[in-house]
Every structure is written in C-alpha cells, then in structure tokens.
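Colleague: I am new to this structure and would like a close look at a single part of it. Please take me through that part, then show how the rest is arranged around it.

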Amino acid sequence: MTLIPRAIGAVALMLLAPFCATASPCAPDPTASIPSALLTEGFLQAHPDLYWRDLGQLSWRRGKPAQALMRFQRASLYADKFSQSMVARMYQEGVGTETDLVLAYIWMDLASERGYRDLLVERERYWQRLDPAQRRRVLAEGPALYAQYGDTVAKPRMETVLRVARNSMTGSRTGFVNPGLRMELGEGPEANRMITGDDYYRDTFWEPDSYWCLQDQIWQNAPPTPSVEIGTLRQVRDEEPGGD
C-alpha cells in the first residue's frame with residue numbers, strides 16, 4: 001500500500017490505492033526525457049496530461065491561479081503526478097482557492113502514489129500539519145478523490161487516449177510508420193528542425209507501459225525540487241483538445 005504516516009492506522013487502507021514499495025521495474029536511464037522538439041501542438045493534443053499541465057503553467061505565468069488550478073485538475077484526470085502535486089500546493093497555500101489543509105494532504109497523497117521520493121517527503125510534511133479532526137476528514141473525503149484521480153482509474157483513462165491517437169497515426173493499419181516520414185517543427189528554439197516519423201512515434205511516447213516507465217525514469221532522475229517538469233514546456237493554443 002502507499003506509504004502513509006503510521007498514526008492513520010489500518011482504517012486508512014480504505015483510502016489508499018495499491019502501491020508496491022519497491023524500486024521501479026523500469027531500468028534506470030539518466031537520459032530519459034521527452035525532447036522539446038516533439039512537443040508540437042499535435043503531440044500535446046494526444047497527451048492530455050502534458051497538454052493540461054502546460055496550460056496550467058501558462059495560466060500561472062499569466063497570473064490566473066484559479067484557472068491554473070482548474071487546468072492542473074484536468075491534467076490530474078490523466079494521472080499527471082506533477083499536476084496533482086501542484087493542486088496540493090495550491091490548497092496548502094490558498095492560491096487560486098481557499099486554504100484547505102485536508103484537501104492539500106489528499107492531493108499530495110495522490111501525487112505520491114507511485115512512491116516518488118520528493119512527493120513522499122512533501123506528503124509527510126503535510127500530514128504533520130493536520131490536527132486529529134482534519135486527519136479524520138482525510139479518511140472521510142479521500143476515497144472520492146481517489147475514485148476520480150487515482151492511478152487505478154486515471155492511468156486507463158490516459159491509456160485510452162494514447163491508444164486512439166496511436167491507431168490514427170500516419171502509416172498502415174498494422175502500426176507501421178514510414179521511417180522516411182519527416183515533419184518540420186514550426187515553433188521554439190528548434191523551429192525548422194526536421195524529425196522523422198520513427199522519432200515522433202517511438203513506443204516510449206505512445207505505448208502505455210513504456211510511457212509510464214518513462215515517467216518513472218524522469219522522476220528518478222529529478223533533483224530534489226518542487227518544480228519537476230517533463231521536457232521543456234511550450235506555449236500552446238489556449239483551447240481544449242478535441243473530444244476531451
């Protein structure tokens with residue numbers, strides 16, 4: 001089960017999603033990342049976790065914290081642990097919403113569900129700030145948020161989007177992608193750089209198990225900081241992806 005403060009007791013097993021407290025089965029890869037060259041609008045539309053996180057950070061930079069909170073929550077529906085940790089911090093600090101230490105703890109518990117070191121440390125700090133009544137609220141209110149945002153439901157939601165996007169990729173119905181396919185990037189520091197279809201549609205970015213493994217590797221490599229990001233975030237058009 002997810003590591004939690006011992007004081008919660010056995011009743012807390014109702015709240016927490018399954019978590020194996022062992023090392024990730026993914027082989028360590030210090031180079032794991034999502035290159036900024038791939039973060040085109042089309043790629044982000046097919047990765048709503050990154051899309052909504054990016055828009056959340058855009059709202060934050062524009063001084064619209066309430067909008068940022070909503071967008072981080074949207075990214076959280078697709079199992080984005082960074083966004084879940086941002087929601088937790090906003091409830092903790094009363095930014096974009098009223099301060100609510102109980103919701104802050106539950107969201108940080110969600111964010112630390114996979115055992116990422118920095119998020120576990122933050123979650124324990126949040127727990128220490130709760131009084132007994134607030135800790136009881138955690139047990140009462142936590143299951144509803146896990147039912148919507150926990151990995152057991154959020155990962156399949158994300159995986160469905162990845163599979164649909166991959167099935168519609170350029171190539172044959174067997175999944176073959178023409179390695180000679182070249183796409184020109186139109187924005188950012190790597191504008192006008194050509195990337196191949198093989199680069200763009202690599203299993204790492206589209207096959208669910210590989211994608212979750214990539215995220216684990218990125219978090220394993222991250223320095224101890226509250227601002228972990230996947231890749232370099234770009235400004236995207238301020239609109240919802242179709243069908244989501």
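Where in the chain does D100 lie?

Modeller: D100 sits in the loop between α4 and α5. Bear in mind that this is a predicted model.

Start with D100 itself. Its relative accessible area is 17%, under the 20% limit, so D100 counts as buried. Leaving out residues up to four places away in sequence, D100 touches Y91 and R137. A88 is another residue to look at from here. D100 and A88 are twelve residues apart in sequence, and their C-alpha atoms are 9.2 Å apart in space.

Now step back to the helix before this loop. α4 has 13 residues. From its first C-alpha to its last it reaches 18 Å, close to the 18 Å expected at 1.5 Å a residue. Twelve of those 13 residues are buried, so α4 is largely enclosed by the rest of the structure. The buried residues include Y91 and A88, along with K81, F82 and Q84. Charged and polar names appear in the list too, among them R89, S83 and Q92. After α4 comes G94, with a positive phi near 65 degrees.

The loop on the other side of α4 holds a residue worth a look. A79 is found between α3 and α4. Its phi is also given as near 65 degrees, a positive value in a residue other than glycine. Most residues other than glycine have a negative phi. A79 has a relative accessible area of 0%, so A79 is buried.

Go forward from D100 instead, and you come to the helix that holds L110. L110 is in α5. At 0% relative accessibility, L110 counts as buried. Two of its contacts are in α4: L110 touches K81 and Q84. L110 also touches L145, Y146, Y149 and G150, again not counting residues up to four places away in sequence. R123 is 13 residues from L110 in sequence, and the two are 9.3 Å apart in space, C-alpha to C-alpha.

α5 also matters to the count of the nonpolar core. The largest such core has 57 residues. Within it, I34, F43, W107 and W206 have the most contacts. Helix α5, residues 101-111, gives the largest share of this core, nine residues.

Next comes α6, residues 117-128. Its twelve residues should span 16 Å at 1.5 Å a residue, and its end C-alpha atoms are 17 Å apart, which agrees. R123 is one of its buried residues. The others are D118, L119, L120, E122, Y126 and W127. These buried residues pack against α4, α5, α7 and α11.

Follow the chain on to α8, residues 151-167. At 1.5 Å a residue, its 17 residues should span 24 Å; the end C-alpha atoms are 23 Å apart, which agrees. The buried residues of α8 are D151, A154, M158, E159, V161, L162 and A165. They cover an arc of only 160 degrees around the axis, which puts them on the same side of α8. On the other side, T152, V164 and N167 are exposed. What covers the buried residues of α8 includes α4, the helix before our loop, as well as α2, α3, α7, α10 and α11.

α11 brings in the disulfide. The structure holds one. C26 is joined to C213, with 2.2 Å from S to S. C26 lies in the segment before α1 and C213 in helix α11, so the pair ties together parts that are 187 residues apart in sequence. Both cysteines, C26 and C213, are buried.

Finally, the whole chain. There are eleven helices and two strands. From the N terminus on, the elements run α-α-α-α-α-α-α-α-β-β-α-α-α. Of the 244 residues, 48% are buried. Among contacts between residues at least 6 apart in sequence, 66% join residues at least 24 apart. The chain exposes about 11,800 Å², and carbon and sulfur atoms supply 53% of that.

To return to your part: D100 is a buried residue in the loop between α4 and α5. The helix before it is largely enclosed, and the helix after it supplies nine residues of the largest nonpolar core.

Technical notes: Residues numbered from 1 in each chain as written. Predicted model: local features only at pLDDT ≥ 70, side-chain atom pairs only at ≥ 80, totals over all residues. Heavy atoms only, no water. Helix = DSSP H or I, 4+ residues; strand = E, 2+ residues; numbered from the N terminus. Expected span 1.5 Å × (residues − 1). Buried < 20%, exposed > 50% of the residue type's maximum accessible area, 1.4 Å probe, protein only. Arc of directions from axis to C-beta. Contact = heavy atoms within 4.5 Å. Core = buried A, V, L, I, M, F, W, Y, C linked by side-chain atoms within 4.5 Å. Disulfide = S-S within 2.5 Å. Areas by Shrake-Rupley, 256 points an atom, 1.4 Å probe, with all protein chains shown as cover.
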